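Biologist: I should like to understand the terms used for this structure and the reasoning behind them. May we proceed term by term?

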Amino acid sequence: MEPVKRKLYQRLLCFVVFLPISGVLCFSELFFIKEPHDVTAMRREAVILDCQAHGESPIDVRWLKNGVKVVENERVYHLSNGSLYISEVESRRGDKSDEGLYQCLAQNKYGAILSQKARLTIASISAFSIQPTSIVVTEGSIARFSCKISAHPPSIITWEFNRVTLPLATERITVLPSGVLQIHGVQRADAGNYRCISTNIASRRRSTEATLTVTPAPRPQVPQRPRIIAGPQNISVSLHQSAILECMATGNPRPIISWSRADSKSIDVYNTKVLGNGNLIITDIKPQHGGVYMCRATTPGTRNYTVASANITVLAPPSLVEWPESLTRPRAGTARFVCQAEGVPTPQITWLKNGEKVHSNGRIKMYNSKLVINQIIPEDDAIYQCQAENEQGSVLSMARLIVVMSEDRPSAPREIRADTVSSSAILLAWERPQYNSDKVIAYSVHYMKAEGLNNEEYQVVIGNDTTRYIIDDLEPARNYTFYVVAYMPMGASRMSDNVFQHTLEDVPLRAPELSLTSRSPIDIQVSWQPLPDKLSRGRVSAYRLSYRTSTENTVSQLELPGDKTQHLLENLQPDTIYLLRIVAATSVGWGEQSVWTSHRTPKASSARVPMAPELHLEPLNCTTILARWQLAPRNSASVQGYRLFYHEESQSERAPIQLRALDNTYTFGGLDPRKKYHIKLLAYNFVGDGYQADQTTSTPGCVSVRDRLVPPPPPPHNVRTKTNSSSAVFLHWGRPAFTSSHAVNYTVRCNPVGLQNASLVLYLQTNEQSLLVRDLEPNTKYEFAVRLHIDQLSSPWSPVVYQSTFPDAPTLPPSNVKVTLIEVDTALVSWKPPDESNVAVTHYTILYASRNAWIAGEWQVLQREGTITMALLENLKLGQIYFVKISASNNMGDGPFSHTMELTVQADLSSGHDPRLSRGSTHSTGFSDGFYHLDQKSMTGITVGVCIALICIIICAFIIVCRGKNRKFSAVKEYRDEVNTSASAAGQLGSEGEAEHADVSVPMMNQNHFIDAKGGTNLLINSLGPVQPGTEKKEKWFCFSSNVKKDSKAVQNMRHSTVSYQHGTTVLTYEEELSMSPDQPTTLQALLWRPGDSEGSSSSEGSHATGDSGRYSHDETEMTNLSTGTSSRPPSQTAEDSGGSDCSATPEESGELMEESQTDLKSTESVENGCCHHEAQSSSESALSLQVCVPECVCA
């Protein structure tokens, strides 16, 4: 008994343990344990493609090659585990070759699944597409050979020198895996023959030999700017492969090569290294390595450099980011599968059902990366796979749809009938289900167009109280298919049988669009496209063409058969505007007429002008029209360009768009949907405008989005821009997460930031997810946006991204270069920026050298920032001729040098020439014939400027002297009695001076001499009266350093005396020599006397108040107080005092002064350092000197 129980327990334990395992092993879903992978094999080599599936048995495995079932034979057959065995791989042409894409298909009772694709490639090596070529280089420079070949697998390239293998890498020699040989610092021993060897598992190939010839280097070596002779190229590299960017530069001295990224990100130092002398190699490349890389070659110790750039695109196979999940749904329900993948390029998503491609129909739709199945039927129970595929590979994910059936569901509706009611309505009728019809709560009517693929299915739900329904939103002359489904609370019935019916014809919805050209001045070729079915609404049976001139009302009409699409109108008038329109008809009647379209016939002239181009218009989407054209085959006239006109119907014509003779396409973007546009094109040459081609087209409507209640597709996302050069920007964007069997195209909008003219916006079309926008302006900021178009649906514009083009390297030298010698050994160089727009200058390079240094190639270098336009050349050697040239540079490279300017530095300064002048001219500001000299205009300008300056100085001095003289009044004082006169003067001074200026003290003069302290005249007064100036005297103006001659004859002996007036600190000194000539006027009078000058104040009191110049002066007031006493001024002197405010008296007044004078007096006045001095000397024994101290200069 115990053994029996023990065995029973053992069996129960085994059952418990193996039950879960059996469940796993009997898992109903099907999946692959092993899938095939890419294989490269030699010819006649055996190959095994693995495939092993697991699931509920039995499992049937089949193989497909390029989508077609593989037929087994003695050489190709299946192994027991499902793998495919090929005993000898063949590489014959056509279908007999074993090369191709292989997939295995595994199937059991639940469905079928398809494996990923595996490519079988037979090893091969082709002929060289690029052979090395012979070159001649100078010693010490660089040499480069290249070869290119296509091989599978990729070949290893080595090089031979005179049939001896070169090392892959040395200090001077670098061999790149891409097939480039670089030799730096070429030596004479490097001369010889070179060839490359390409080797892989299939074969080995040798290129033709190329000869390297080495010539001696010139002595001395001339400095050279850095120049990149082999820059990096845009490349696309698969994930985990290696990328090589070549950069090879020449220059003297040898330039230094550095690398950076355009996005300022750091370069990955772990996977990146420099190969040879500046080549960049990135191993195990990853997505973050993608971007624009910049190679920069810089002259050591300077800021001279040049830049080259290239873009690396990292290609990645598809990977799923969201995969479908298995679903269980009832019959007539809805199932949704979601699948999203990423990769570069963006993967295309395909849906498979039991290993076969799913096509959209009324129930099944594919959009936004989703598979939606409506009105599920039992046949939808299957295994579904999402396949994401791009150039780098494919990936699949699967899910199962289980359809649940219910026994209580009603049977399908019966006896479906359809009858045509009109051109847009069909009556549909049916019988109730045979079983459970009493449980039906509603019916759903489904209908769709019968012709074509991917038609939209429409559904209408009606109550259970009727079995008839009229569908009245159909298109005329179309076939439709219908079916009905019955619903009850537990679910839906199966579909009824399908029934087909067509609608009646209707009149055309609108007229065709005309295209007009002229072959001669007296005809018009009229052509049109047949109406699409949606617009014709039946078969077009006839056309009616009407035409007239723009000045007449009489209309001519022609009826043409419905299968005709063109007609030639002849015997027309030259140079006349004709109006044309057309209307189409079906069996029902005539449709709507088109609007009048104008066309001018050419002029009747013998001049050879271009014929009308053949114009074709194609609406790409609801906002874009593509125009394409080509010259007529019979055209024999030359073409200089095209003029393209377009305008919306009923709008005025816009200004023409000028196009080049090489252009043959143009894209009109930013148009309005469902609008008619008239487009006219003509070619022109030097004779005049050619014949024009007129055509009208319409943009399709985007309202289908609203009508079908389908949301518009989302815009492209993740738009990225990279500047490729100064005139190109690379765009890349992601496709929205949806898929469709229809093609998707994109519109790229590009325009400079701040653009005001909308006609200059650039619209580009592409069906790829990247675009290189070319022909942009350098150093300009652009804005970009992308939208997509699919199934006549247009997405909104993507968010705007901004990118600036690189500045272009200067192509012109600095302008208006001038060199001026400003000191003995220093010259000033000035210039202006290059005369080109959109070119930024970061720095200028000035090269200068003496003649001997120039011959030796030894230039001296100066660098200046881009905002500075002058520089000093210092420490120049005397007696040398210097050469100067300037170039402008920026981050993209260096511009050309200006013309060499020649400057002569004089050696001998005693020759009388200005050392600042160059050889060839005594006045020099520019260069002519290699010499530095002044031109005639510059010399004239300098002379005129100096003369004007001298005249201004003389005028100012004259005015200053006149104003100083005006402040002195003439007062003739007679003293009969010296004591009485002195007492009277003292009393007068005491009465007035104490009242106004109590602090004024006047030290007494010598008893024989007095001076008029007012300063109005040059009289000196003694006890006998005014002293008469001598007729012959010489004055000394010490500021002009003139000599004074003394007369030997003395009129009277005068004892040297000094009278001083001291109120401030200013001193007035007067010296004079007296001579014998009583009739000669003084030099001061001759200098300052002006006939008829009446300027001045009317009285000395007025001068006391404001001064002669109208400005109050304290010092003038004090001097006036010394000579304005009433008892000391005779009435006879009033007139003289009134005139004393001028620079000199009138001739009559001067005569009266001379008659009253008893002493010859010579006055001299000089102005120096803002102070006035008067000097007087006697010509014989004595001289009179007067010094007066005042606070400030009164003659200024």
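Modeller: Let us begin with a sheet in this predicted model. Three strands make up an open sheet, ordered S63-S64-S67, with antiparallel pairing.

Biologist: Why are strands S63 and S67 said to stand at the edges?

Modeller: Strand S63 (717-723) and strand S67 (770-773) each have a single partner strand, so one side of each lacks a neighbour in the sheet. From one strand to the next, the twist averages 15°.

Biologist: What makes S63 and S64 a pair?

Modeller: Pairing requires at least two bridges between two strands. Five bridges join S63 to strand S64 (residues 729-734), so the requirement is met, and the two run antiparallel. One of the contributing residues is Lys722, whose bridge partner in S64 is Phe730.

Biologist: How do you know that S54 and S55 pair as well?

Modeller: The same reasoning applies: at least two bridges are needed. Strand S54 (residues 577-585) and S55 are connected by four bridges in the antiparallel sense, and therefore they count as paired. Leu580 stands opposite Thr597 in S55. Strand S55 (residues 597-600) also has two faces: Thr597 and His599 form the covered face, while Ser598 and Arg600 form the uncovered one.

Biologist: Why is Arg537 called buried?

Modeller: The word buried applies under 20% relative accessible area. Arg537 has 18% relative accessibility, so it counts as buried. Arg537 is located in the loop between helix H2 (533-536) and strand S51 (542-549).

Biologist: Which residues does Arg537 touch?

Modeller: Leaving aside residues up to four places away in sequence, Arg537 touches Pro476, Ala477, Glu505, Asp506, Val507, Pro508 and Leu509.

Biologist: What makes the meeting of Arg303 and Glu865 a salt bridge?

Modeller: The criterion is a side-chain nitrogen of Lys or Arg within 4 Å of a carboxyl oxygen of Asp or Glu. The side chains of Arg303 and Glu865 meet at 3.0 Å, N to O, and therefore satisfy it. This pair links distant parts of the chain, 562 residues apart: Arg303 is in the loop between strand S30 (291-298) and strand S31 (305-322), and Glu865 is in strand S74 (residues 860-865).

Biologist: Are these two residues, Arg303 and Glu865, buried, exposed or partly exposed?

Modeller: Partly exposed lies between under 20% and over 50%. Arg303 has 41% relative accessibility, so it counts as partly exposed. Glu865, at 38%, is also partly exposed.

Biologist: How do you know that Arg478 and Glu475 form a salt bridge, and are they buried or exposed?

Modeller: Their side chains meet at 3.6 Å, N to O, which is within 4 Å, so the pair qualifies. Arg478 is at 18% relative accessibility and counts as buried. Glu475 is at 18% and counts as buried too.

Biologist: What does the salt bridge between Arg851 and Glu902 tie together?

Modeller: The side chains of Arg851 and Glu902 meet at 3.8 Å, N to O. Arg851 lies in helix H4 (residues 851-855) and Glu902 in strand S78 (residues 901-904), so the pair ties together parts 51 residues apart in sequence. Arg851, with a relative accessible area of 32%, is partly exposed, whereas Glu902, at 11%, counts as buried.

Biologist: How many salt bridges does a search of the whole structure find?

Modeller: The search finds 26 salt bridges. Arg44, Glu88 and Glu90 are joined into one network by salt bridges that share partners.

Conventions:
Residues are numbered from 1 along each chain as its sequence is written. This is a predicted model: local features need pLDDT of at least 70, side-chain atom pairs count only at pLDDT 80 or more; totals for chains, interfaces and linings use all residues. Side-chain values use heavy atoms; hydrogens and water are left out. Axes are lines fitted to C-alpha atoms, for helices over the stretch in contact, and angles run from 0 to 180 degrees between N-to-C directions. Buried means under 20% relative accessible area, exposed over 50%, partly exposed in between (1.4 Å probe, protein chains only). Contact means heavy atoms within 4.5 Å.
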